[in-house]
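Hello,

Here is the structure we spoke about, for your files. My notes follow below it.

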Amino acid sequence: MDRGTGSQRRGDTQGRRGESADDPELDQLLVHAADGDEEAFAGLYEALVHTVMGLACRVVQDKAQAEEVTQDVMVEVWRTAKQFQPARGAARNWVLTLAHRRAVDRVRSVTAGRARELRAAVREQERSFDTVAEEVEVREEQRVVFRCLTQLARELRLPLVLAYYEGLTYAEVAEALSTPPGTIKSRMRQGLKRLYDCMEAGS
Amino acid sequence: MNLTDDPHFDVGAYVLHALPADEEAAFENHLASCIPCRREVERLSKVTVGLGAAETSAPSADLRRRVLDQIATVRQVQSDAFASRRRRRGQRGVKLALAASVAAAVALGGVAWWQSSEAETAREQSAQDRAEYRQLADVLTAPDATISTHELARGGTASVVASRAQGRSAFIGSGLPPLTDDRVYQLWYAESGRYRPAGLLSTAGGREARVLDGPLGGATGVCVTVEPAGGSRQPTTHPLGVISVPA
């Protein structure tokens with residue numbers, strides 16, 4: 001799978017002057033897109049499509065399907081742009097949350113025989129996590145996220161990564177890790193909280 | 001209440017999109033009335049977005065053209081339809097308001113609360129709430145909408161407006177007795193003897209209107225039960241009423 005080249009990454013940060021996720025320029029583009037401005041939407045597309053595609057690839061593990069998800073997400077962004085409220089979060093967050101939701105939905109719609117894959121997913125996870133950590137080199141913010149993730153205890157990290165990157169439900173994570181579902185839910189919350197605190201401290 | 005029944009514990013799984021549809025719907029119901037939970041969701045979402053932005057990948061060259069072609073044919077959702085109705089009073093707004101009022105009036109036996117309370121509350125509604133109102137109006141004004149009304153066992157009237165074409169239905173309750181803090185009205189779709197959670201009502205009782213969570217599917221009825229706060233996965237009490245939905 002194409003994990004993206006350096007030039008693609010640069011393309012993704014173009015026009016954003018290396019700013020963080022709260023980039024007000026993107027917010028403006030989305031606000032204009034909500035009013036039917038196709039040019040503004042095209043600008044938003046340029047700025048975010050590589051990141052959306054990267055996330056979709058990571059979750060659905062298939063480039064053709066990831067592209068369908070990406071198309072779906074971008075059209076949905078256009079369709080529901082009016083629901084975006086700049087006061088409540090950045091455009092980038094809004095789009096990526098939608099992208100993750102769609103990617104996960106895609107993975108779950110083809111779940112036949114998935115239980116068998118769970119254990120394989122656990123084995124794969126540590127390796128693929130290392131790959132992610134190596135690949136993160138663009139944004140300081142991302143470096144912070146992954147530095148924090150590596151510092152997290154394995155029992156807290158695995159549920160997060162399996163759910164977020166493999167698209168597993170908490171019940172599937174529980175099965176894969178042979179841990180009670182309630183414990184997994186609790187660890188997911190605790191893990192995210194630790195990451196949040198670590199990110200706040202590191203930024 | 002044991003640890004896993006506490007809806008607050010779902011917040012991490014929710015942010016990770018790791019809850020199955022029924023539990024996600026139940027948690028969102030809880031979220032609607034839990035301000036600290038919403039704050040926690042906002043905070044933790046920053047973490048997941050950080051995880052999500054980790055990698056980039058280039059789509060094929062013609063994706064941009066396909067997307068731009070497609071949006072030219074896609075109608076944008078106007079989420080402010082309700083909020084702007086009072087100030088616009090344009091033809092479309094009035095028409096929608098009238099249609100919604102008529103449907104609600106039929107369902108409730110002729111009341112104007114819908115229009116007035118909706119206009120009052122719209123001012124303070126978040127975009128998400130407005131989207132819910134819009135969904136409600138969509139169901140109430142569906143050309144194939146059917147209305148069924150039922151008296152509930154412990155008082156109050158329940159109406160279900162269903163649109164098979166849209167695959168959605170709305171619940172409109174009036175005169176529901178208020179419940180104590182630790183109990184909640186829960187709605188269920190009944191299908192082939194099984195119950196699917198379809199959302200919670202506020203504990204205040206009185207009048208309630210909402211679109212049911214999840215698809216109508218092949219459901220033949222909507223049930224109302226009283227459940228512990230946060231809702232249940234399956235009914236734990238005898239239904240107060242079963243409102244049948246025409247096929």
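**Helix H8 of chain A**

In H8(A), the buried residues are A:Arg157, A:Leu158, A:Pro159, A:Leu160, A:Val161, A:Leu162, A:Ala163, A:Tyr164, A:Tyr165 and A:Glu166. Please keep in mind that this is a predicted model. The helix spans residues 154-166 of chain A and is mostly covered, with 10 of its 13 residues buried. Just after H8(A) comes A:Gly167, whose phi is positive, at about 75 degrees.

**Chain A overall**

Chain A has 10 helices and zero strands, so the pattern along its sequence reads α-α-α-α-α-α-α-α-α-α. Of the 203 residues in chain A, 42% are buried. Taking the contacts in chain A between residues at least 6 apart in sequence, 69% join residues at least 24 apart.

**The contact between the chains**

How many residues does each chain bring to the contact? Chain A gives 64 residues and chain B gives 47. On the side of chain B that touches chain A, the elements giving two or more residues are helices H1 (11-15), H3 (35-52), H4 (63-71) and H8 (127-140) of chain B. H3(B) supplies the largest share of that side, 11 residues. Sorted by class, the side of chain B that touches chain A holds 25 nonpolar, 14 polar and eight charged residues.

Regards

Terms used:
Residues numbered from 1 in each chain as written. Chains lettered and ligands numbered in written order. Predicted model: local features only at pLDDT ≥ 70, side-chain atom pairs only at ≥ 80, totals over all residues. Buried ≥ 20, exposed ≤ 12 C-beta atoms within 10 Å, placed from the backbone. Helix = DSSP H or I, 4+ residues; strand = E, 2+ residues; numbered from the N terminus. Contact = placed C-beta atoms within 7 Å. Nonpolar A, V, L, I, M, F, W, Y, C, P; charged D, E, K, R; others polar.
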